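Please consider the protein chain displayed below. The paragraphs that follow lead from one local environment to the overall fold.

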Amino acid sequence: MKSDKLSRTRTISGKVISNKMDKTVTVMVERRLIHPLYGKFITRTKKYHAHDEINQYAIGDTVLLEECRPLSKTKNWKVIDKI
């Protein structure tokens with residue numbers, strides 16, 4: 001039953017770019033896609049606010065995020081591991 005729950009939660013990895021907030025880190029996630037017409041690789045970035053309970057992650061760390069219930073207006077992810 002527990003493995004069924006793990007398959008439904010989304011996980012993404014990214015780089016910590018800010019840890020100035022209390023119990024929150026800002027993570028930049030990059031994804032590469034191919035342009036539909038020209039076939040060139042394009043890099044798209046997005047920033048996520050993620051919950052860091054004990055303020056253990058620093059700028060530059062690569063972390064794994066897991067989607068969770070809304071914790072604040074902008075925080076729907078939590079950090080589960082450092083890669």
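In this predicted model, the side chain of histidine 51 forms a polar contact of 2.7 Å with the side chain of glutamate 53. The side chain of histidine 51 also reaches a backbone atom, namely the oxygen of lysine 23, at 3.4 Å. Histidine 51 belongs to strand E3, which covers residues 41-51. When neighbours within four places in sequence are set aside, the residues in contact with histidine 51 are Lys23, Leu71, Lys75, Trp77, Lys78 and Val79.

One of these contacts, Trp77, leads to the aromatic rings. How many aromatic pairs does the count give? The count comes to one aromatic pair. The pair consists of tyrosine 48 and tryptophan 77, arranged edge-to-face, with 5.4 Å from centre to centre and 65 degrees between the planes. The angle explains the label, because planes over 60 degrees apart count as edge-to-face. Tyrosine 48 is located in strand E3 and tryptophan 77 in strand E5 (residues 75-82), so the pair links parts of the chain that are 29 residues apart in sequence. Are the two residues buried or exposed? Both tyrosine 48 and tryptophan 77 are buried.

A further ring is involved in an arrangement with a charged side chain. Arginine 32 lies over the face of phenylalanine 41, at 4.6 Å from the ring centre.

The strands may now be considered together. Strands of a sheet pair through backbone hydrogen bonds, in either a parallel or an antiparallel manner. In what order do the five strands close into a barrel? The order is E1-E2-E3-E5-E4, and the pairing is mixed. Neighbouring strands of this sheet are turned against each other by 55 degrees on average, with direction ignored. Within the barrel, strand E1 (residues 11-18) and strand E2 (residues 24-34) run antiparallel and are joined by three bridges. Serine 18 has threonine 26, in E2, as its bridge partner.

At the level of the whole protein chain, the secondary structure comprises one helix and five strands. Read from the N terminus, the elements follow the sequence α-β-β-β-β-β. The C-alpha atoms fill a box of roughly 45 × 35 × 25 Å along the principal axes. Of the 83 residues in the protein chain, 25% are buried. Among contacts with a separation of 6 or more, 46% involve residues 24 or more positions apart. The aromatic pair described above, whose members are 29 residues apart in sequence, offers a local view of how strands E3 and E5 are tied together.

How values were computed
Residues are numbered from 1 along each chain as its sequence is written. This is a predicted model: local features need pLDDT of at least 70, side-chain atom pairs count only at pLDDT 80 or more; totals for chains, interfaces and linings use all residues. Side-chain values use heavy atoms; hydrogens and water are left out. Two strands pair if DSSP finds at least two bridges between them. Helices (H or I, at least four residues) and strands (E, at least two) are DSSP runs, numbered from the N terminus. Axes are lines fitted to C-alpha atoms, for helices over the stretch in contact, and angles run from 0 to 180 degrees between N-to-C directions. A polar contact is a pair of N or O atoms within 3.5 Å; within protein, one must be able to donate a hydrogen and the other to accept it, and residues adjacent in sequence count only if both atoms are side-chain atoms. Contact means heavy atoms within 4.5 Å. Rings of Phe, Tyr and Trp (its six-membered ring) pair if their centres lie within 6.5 Å; planes under 30 degrees apart count as stacked, over 60 as edge-to-face and the rest as tilted. Buried means under 20% relative accessible area, exposed over 50%, partly exposed in between (1.4 Å probe, protein chains only). A charge sits over a ring if NZ of Lys or CZ of Arg is within 6 Å of the ring centre and within 35 degrees of the ring normal.
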